[in-house]
Amino acid sequence: MIRENLKLLTERVETSARRAAREPGTVKIVLVTKNIPVDRIREAYDCGFRVFGENRVQEFLEKFPALPSDITWHLIGHLQTNKVKYIADKISLIHSVDSVKLAEELEKRAALIGRNIRVLLEVNTSGEASKFGFSPDGVAGSFSNIKALPHLEVLGLMTIGPLTEDKVTSREAFRSLKVTKEKIEQNFGVSLPELSMGMSGDYEIAIEEGSTMVRIGTVVFGLPRWR
Ligand SMILES: *Cc1c(COP(=O)(O)O)cnc(C)c1O
């Protein structure tokens, strides 16, 4: 089941990229394994997938030692500053930096362990109160503080699409993340290569709007809801 789901997902990701006149290889798949037991994660690993995302530190720390060491782990959920010390040396990319305070804590830890930490800044493009993240208008100001931290590498922006079935609304949110990224690039003369956007219900739209990383759980591990 997982194997077939991954095959179908890969095809759909590639098709969406081509539809937007993009090279299929420009979209990376992060398999979201929250609530998924280790044996099922290993099934996806055995299909050749190596990039996995967890959203809770405790759950990640339980699974980490039980899985192969060549997995690239991403943290995609809200991170509390007091948990930074547990994950700083194990996570390759943190998608969910949502405050300058968290960035400063990551900087402290990175300096301590002598390692750079790669991050994305989370932006709340939908304005939904339940979501973490900088506001689209505020993120540039915070970026200017965060880019001064020598051990943090900001690779781009991340957003969670709006809770809606309406494709127009989803598309607007993803487009706004891309515009926000381009503004930061221009204002600061930097390059932000990554846009982490798109989940099971909206990844095709996200890819059409420029996503470079889709975070996918349900359509691989849960009940398939292919339309
Ligand atoms: C759970 C989760 C996902 C994956 O969502 P699916 O709809 O299951 O694909 C992606 N991003 C974040 C931040 C999540 O928490």
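**Figure 1. Four aromatic pairs are counted in the chain, which is shown here as a predicted model.** Phe60 and Phe64 form a tilted pair, because their ring planes meet at 55°, and the ring centres are 5.4 Å apart. A pair is called tilted when its planes are neither under 30 degrees apart nor over 60. Phe60 has a relative accessibility of 0% and is therefore buried. Phe64 is partly exposed, at a relative accessible area of 28%. Both residues belong to a cluster held together by ring pairs, whose members are Phe52, Phe60, Phe64 and Trp73.

**Figure 2. Phe143 and Phe188 form an edge-to-face pair.** The planes of the two rings stand at 65°, so the pair counts as edge-to-face, with ring centres 5.0 Å apart. The pair joins distant parts of the chain, since Phe143 lies in helix H6 (residues 139-146) and Phe188 in helix H7 (residues 167-188), 45 residues apart. Phe143 is buried, with 3% relative accessibility. Phe188, in contrast, is partly exposed, and its relative accessible area is 24%.

**Figure 3. Arg50 is placed over the ring of Tyr45.** The view shows Arg50 over the face of Tyr45, 3.5 Å from the ring centre.

**Figure 4. Helix H6 has buried residues along one face.** The buried residues in H6 include Val139, Ser142, Phe143 and Ile146. Seen down the helix axis, the buried residues of H6 fall within an arc of 110°, so they line one face of the helix. They pack against five elements of the chain: strand E4 (93-97), helix H5 (100-113), strand E5 (117-122), strand E6 (152-158) and H7. Phe143 is a member of this buried set, and its ring is the one that pairs with the ring of Phe188 in H7.

**Figure 5. Glu122 is a buried residue of strand E5.** Glu122 sits in E5. Its relative accessibility is 4%, under the 20% limit, so it counts as buried. When neighbours within four places in sequence are left aside, Glu122 is in contact with His95, Ser96, Val97, Phe132, Gly133, Phe134, Met158 and Ile160. For a distance along this part of the chain, the C-alpha atoms of Glu122 and Glu107 are separated by 17 Å, with their positions 15 residues apart in sequence.

**Figure 6. Ser96 is a buried residue of strand E4.** Ser96 sits in E4 and is buried, with a relative accessible area of 0%. Neighbours within four places in sequence aside, its contacts are Leu75, Ile76, Gly77, His78, Leu102, Leu120 and Glu122. The C-alpha atoms of Ser96 and Leu120 are 6.3 Å apart, although the two residues are 24 residues apart along the chain. The contact with Glu122 ties this view to Figure 5, where Ser96 is listed among the contacts of Glu122.

**Figure 7. Ala21 and Asn35 have positive phi without being glycine.** Phi of Ala21 is near 55°. Ala21 is in the loop between helix H1 (2-19) and strand E1 (28-32), and with 75% relative accessibility it counts as exposed. Asn35 has a phi of about 65°. Asn35 is in the loop between E1 and helix H2 (38-46). Its relative accessibility is 61%, over the 50% limit, so Asn35 counts as exposed.

**Figure 8. The whole chain gives the setting for the close-up views.** The chain holds nine helices and eight strands. Its radius of gyration is 17 Å, close to the 17 Å that the globule rule gives for 227 residues, so the chain is as compact as a globular protein of that length. Along the principal axes, the C-alpha atoms fill a box of roughly 45 × 40 × 30 Å. Of the 227 residues, 47% count as buried. The accessible surface comes to about 10,700 Å², and carbon and sulfur atoms account for 50% of that surface. Among contacts between residues at least 6 apart in sequence, 57% join residues at least 24 apart.

Conventions. Residues are numbered from 1 along each chain as its sequence is written. This is a predicted model: local features need pLDDT of at least 70, side-chain atom pairs count only at pLDDT 80 or more; totals for chains, interfaces and linings use all residues. Side-chain values use heavy atoms; hydrogens and water are left out. Rings of Phe, Tyr and Trp (its six-membered ring) pair if their centres lie within 6.5 Å; planes under 30 degrees apart count as stacked, over 60 as edge-to-face and the rest as tilted. Buried means under 20% relative accessible area, exposed over 50%, partly exposed in between (1.4 Å probe, protein chains only). Helices (H or I, at least four residues) and strands (E, at least two) are DSSP runs, numbered from the N terminus. A charge sits over a ring if NZ of Lys or CZ of Arg is within 6 Å of the ring centre and within 35 degrees of the ring normal. The radius of gyration is taken over C-alpha atoms; the globule rule is 2.2 Å times the number of residues to the power 0.38. Contact means heavy atoms within 4.5 Å. Accessible areas come from the Shrake-Rupley method with a 1.4 Å probe; for residues, only the protein chains shown count as cover. The arc is that of the directions from the helix axis to the C-beta atoms.
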